[in-house]
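Visitor: I would like to learn how to read a few features of a protein model, taking them one at a time. Could we look at the structure together?

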Amino acid sequence: MPDDYFSRLDPTCLFENDQPLEIDLGCGDGSFLIAMAKQFPDRNFLGVERLLGRVKKVCRKAHNEGLSNCKVLRLESKYVIEWLFPENSIDRLHLLCPDPWPKARHHKNRLVQQGFLQALYKALKPGGEFCFKTDHPEYFEWVAEQMQKFKKFEQLDWPEDAFFYPKTDFQIQWEAEGKVVERARFRKPE
């Protein structure tokens with residue numbers, strides 16, 4: 001729990017070390033977050049989730065696995081990026097299978113907008129990455145358009161076997177249904 005929700009959060013105080021920080025926005029049941037924390041003990045992983053039941057479940061999993069490099073914060077994703085993290089403090093941000101808000105009148109609720117990208121750009125360290133996945137083709141196009149409009153990130157190749165990257169429960173479910181999960185990876189220039 002941050003001491004103050006209206007001040008910038010120092011990641012080194014949160015984890016009591018200065019290991020690289022990765023954030024999983026909307027971490028859900030935590031399967032991705034826990035797998036990453038287990039695979040990379042030399043990195044810190046912060047899950048962000050607004051639903052209390054999910055937060056408790058992920059915390060329980062992390063505790064049972066003995067993971068000191070994995071924590072969960074119960075807050076809205078947008079608030080965390082825009083207001084809690086200082087400039088140049090995040091090494092990688094994961095946004096996996098977010099709500100696509102498919103109706104046109106709800107597009108304003110989509111997380112990836114120009115204001116969010118500006119906040120993310122500030123919070124990422126130089127060379128920091130933004131990893132995005134969705135099964136919703138229209139939302140994938142939306143993100144590509146928002147990134148082109150923003151113009152500050154460079155897109156990276158992301159072949160399936162580029163590095164360890166576990167699938168979320170949503171991705172496993174959707175691929176079993178024959179849906180394609182699109183992915184894009186972007187970097188803040190150094």
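Visitor: How much accessible surface does the protein chain have, and what percentage of it belongs to carbon and sulfur atoms?

Guide: Please keep in mind that this is a predicted model. The accessible surface of the protein chain comes to about 10200 Å², and carbon and sulfur atoms account for 49% of that area. As for the residues themselves, 46% of the 190 in the protein chain are buried.

Visitor: Which secondary structure elements does the protein chain contain, and in what order do they run?

Guide: There are 7 helices and 7 strands in the protein chain, and from the N terminus on they follow the order α-β-α-β-α-β-α-β-α-β-α-β-α-β. With a radius of gyration of 16 Å, close to the 16 Å that the globule rule gives for 190 residues, the protein chain is as compact as a globular protein of that length. Among contacts between residues at least 6 apart in sequence, 80% join residues at least 24 apart.

Visitor: How many disulfides does a search of the whole structure find, and why does the sulfur of C97 form no bond with that of C131?

Guide: In general, a disulfide is a covalent bond between the sulfur atoms of two cysteines. Here the search finds 0 disulfides. The closest cysteine sulfur to that of C97 lies in C131, and because the two are 13 Å apart, they are too far for a bond, given a cut-off of 2.5 Å. C97 counts as buried at 9% relative accessibility, and C131 is also buried, its relative accessible area being 0%.

How values were computed
Residues are numbered from 1 along each chain as its sequence is written. This is a predicted model: local features need pLDDT of at least 70, side-chain atom pairs count only at pLDDT 80 or more; totals for chains, interfaces and linings use all residues. Side-chain values use heavy atoms; hydrogens and water are left out. Buried means under 20% relative accessible area, exposed over 50%, partly exposed in between (1.4 Å probe, protein chains only). Helices (H or I, at least four residues) and strands (E, at least two) are DSSP runs, numbered from the N terminus. The radius of gyration is taken over C-alpha atoms; the globule rule is 2.2 Å times the number of residues to the power 0.38. Contact means heavy atoms within 4.5 Å. Accessible areas come from the Shrake-Rupley method with a 1.4 Å probe; for residues, only the protein chains shown count as cover.
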